[in-house]
Amino acid sequence: MSARLEVADIFRRHGEAYRQAHDGHLGRVERRVMSAIELCRTAELGGHVEGCRSCGAIRVAYNSCRNRHCPKCQGQACREWLAARQGELLPVPYFHVVFTLPAQIAAIAFQNKAAVYTILFKAAAETLRTIAADSKHLGAEIGLVGVLHSWGQNLHYHPHIHCIVPGGGLSPDGTRWISCKPGFFLPVRVLSRLFRRLFLEELRTAYEAGKLSFFGDLAELALPVVFRRRLGEARRLEWVVYAKPPFGGPEQVLAYLGRYTHRVAIANSRLVSMADGKIVFRWRDYQHGGKAKLMTLDVHEFIRRFLLHTLPDGFHRIRHYGFLANGHRAAKLDLCRRLLANALQDNIEPRVESTPAPLASAHRCPCCGGSMITLAIWRCGQAPPGPLWDDTS
């Protein structure tokens with residue numbers, strides 16, 4: 001069972017009992033995520049029948065739910081996103097900077113996901129851009145990609161932003177590319193202090209505008225005096241911002257991005273077993289050197305932790321800023337490449353594959369490797385055309 005266990009199996013076996021036990025506390029988004037994962041790649045979502053041109057093999061393929069929380073549906077979405085990003089890479093070192101919220105603020109974020117996640121993105125991006133633009137540090141306009149995660153390895157709630165940043169930027173007058181120091185981007189202590197101030201200012205503004213709500217253990221925060229006290233406590237904490245060593249090159253950046261942009265709370269590959277109402281999964285304890293361990297949770301606790309990380313409808317968990325912002329990305333990247341080429345006295349371009357993409361494995365014959373063609377399609381709610389493959393097999 002361990003090799004084939006999926007989150008979908010857990011939901012199919014225990015999801016209905018979980019819904020009944022938590023009926024009054026389960027939101028619409030969580031219910032929809034559970035249903036989508038349960039139905040993913042089953043006949044109920046429709047599908048198609050494929051046949052091999054070479055050997056005549058027949059294969060039935062069911063449709064994916066395409067829900068962004070589903071562990072099985074992110075592979076293709078990730079490949080398509082990375083293909084679009086490949087031509088946007090610059091021939092410079094890239095840095096990975098992480099902005100994390102302290103537990104006192106994370107609790108507020110959980111009850112106000114859309115509002116606080118938006119503040120988290122804004123504060124992290126503004127922090128990087130402000131410090132980078134300061135002539136005491138880099139003195140340049142930078143670009144960055146921010147990716148929101150809300151989980152740790154043990155599935156507890158841990159909201160943070162991963163920022164992938166080119167190691168340099170455009171001069172204020174747009175005539176030069178300014179590179180950062182080798183192996184060093186920006187001072188993390190300076191980043192941490194500004195991030196804390198910007199975030200708390202935005203959070204206070206949202207509170208005063210009535211954009212935050214509180215319930216349960218946080219109900220007292222609705223009182224202004226209690227909320228101000230919470231902000232004061234958070235202001236005295238050291239907020240965690242850290243920068244990892246730079247990547248070796250654009251290819252490594254793509255590989256790294258692929259591990260972050262479309263990740264869900266837990267991959268199916270980490271699941272070990274489901275038995276006697278318990279779920280066992282692998283995790284790494286980063287407080288003890290990243291040691292690999294096994295964690296056992298009651299199945300309802302596992303489902304609860306998984307659902308902690310659902311995103312509000314329509315919320316974008318990948319965002320671009322600076323010269324990588326959507327409105328002017330193409331023009332700014334073209335300028336960056338020209339300035340980099342001039343600085344190096346060589347026309348350096350990022351490596352882009354010019355050869356045709358190989359046939360996706362999903363469209364290869366599992367028997368001979370030949371190309372598969374679609375023989376029949378059925379939609380959600382329709383009966384599968386069973387006789388078609390029965391007669392040709």
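# Exercises on a predicted model

Strand S3 (residues 94–100) and strand S5 (residues 157–166) run antiparallel to each other and are paired over seven bridges. The model is a predicted one.

**Exercise 1.** Work out which strands stand at the edges of the sheet, and why one side of each is left without a neighbour.

*Solution.*
1. Write down the strand order of this open sheet: S8-S3-S5-S4-S12, five strands with antiparallel pairing.
2. Strand S8 (241–244) and strand S12 (318–322) each have a single partner strand, so each has one side with no neighbour in the sheet. These two are the edge strands.
3. From one strand to the next, the twist averages 25°.
4. Within the S3 and S5 pair, Tyr94 is found opposite Pro166 of S5.

**Exercise 2.** Find which helix gives the most residues to the largest nonpolar core.

*Solution.*
1. This core has 55 residues, and Leu128, Phe185, Phe195, Phe199 and Leu203 have the most contacts inside it.
2. Elements that supply at least two residues each include helix H4 (103–111), helix H5 (113–133), helix H6 (188–208) and helix H7 (224–235).
3. H5 gives the most, with eleven residues.
4. Take Phe185 as an example: beyond its neighbours within four places in sequence, its contacts include Phe95, Val97, Leu128 and Val165.
5. Another core, of 32 residues, lies apart from this one; Leu26, Cys40, Cys73 and Ile279 are among its members.

**Exercise 3.** Describe helix H1: where does it bend, and against what do its buried residues pack?

*Solution.*
1. H1 covers residues 7–21 and has a bend of about 60° at His14.
2. Its buried residues include Val7, Ile10, Phe11, His14 and Tyr18.
3. The packing partners of the buried residues are helix H2 (28–39), strand S9 (271–275), strand S10 (278–285) and helix H9 (299–307).

**Exercise 4.** For the salt bridges Arg19–Glu16 and Glu301–Arg305, state which residues are buried and which are partly exposed, taking under 20% relative accessible area as buried.

*Solution.*
1. Arg19 and Glu16 meet at 3.5 Å, N to O. They are three residues apart in H1, about one helical turn.
2. Arg19, at 13%, is buried, whereas Glu16, at 45%, is partly exposed.
3. Glu301 and Arg305 meet at 2.7 Å, N to O. Both are in helix H9, four residues apart.
4. Glu301, at 22%, is partly exposed, and Arg305, at 9%, is buried.
5. Shared partners join Glu16, Arg19 and Glu38 into one salt-bridge network.

Technical notes: Residues are numbered from 1 along each chain as its sequence is written. This is a predicted model: local features need pLDDT of at least 70, side-chain atom pairs count only at pLDDT 80 or more; totals for chains, interfaces and linings use all residues. Side-chain values use heavy atoms; hydrogens and water are left out. Two strands pair if DSSP finds at least two bridges between them. Axes are lines fitted to C-alpha atoms, for helices over the stretch in contact, and angles run from 0 to 180 degrees between N-to-C directions. A nonpolar core is a set of buried Ala, Val, Leu, Ile, Met, Phe, Trp, Tyr and Cys residues joined through side-chain atoms within 4.5 Å. Buried means under 20% relative accessible area, exposed over 50%, partly exposed in between (1.4 Å probe, protein chains only). Contact means heavy atoms within 4.5 Å. The bend at a residue is the angle between axes fitted to the seven residues ending there and the seven starting there. A salt bridge is a side-chain nitrogen of Lys or Arg within 4 Å of a carboxyl oxygen of Asp or Glu.
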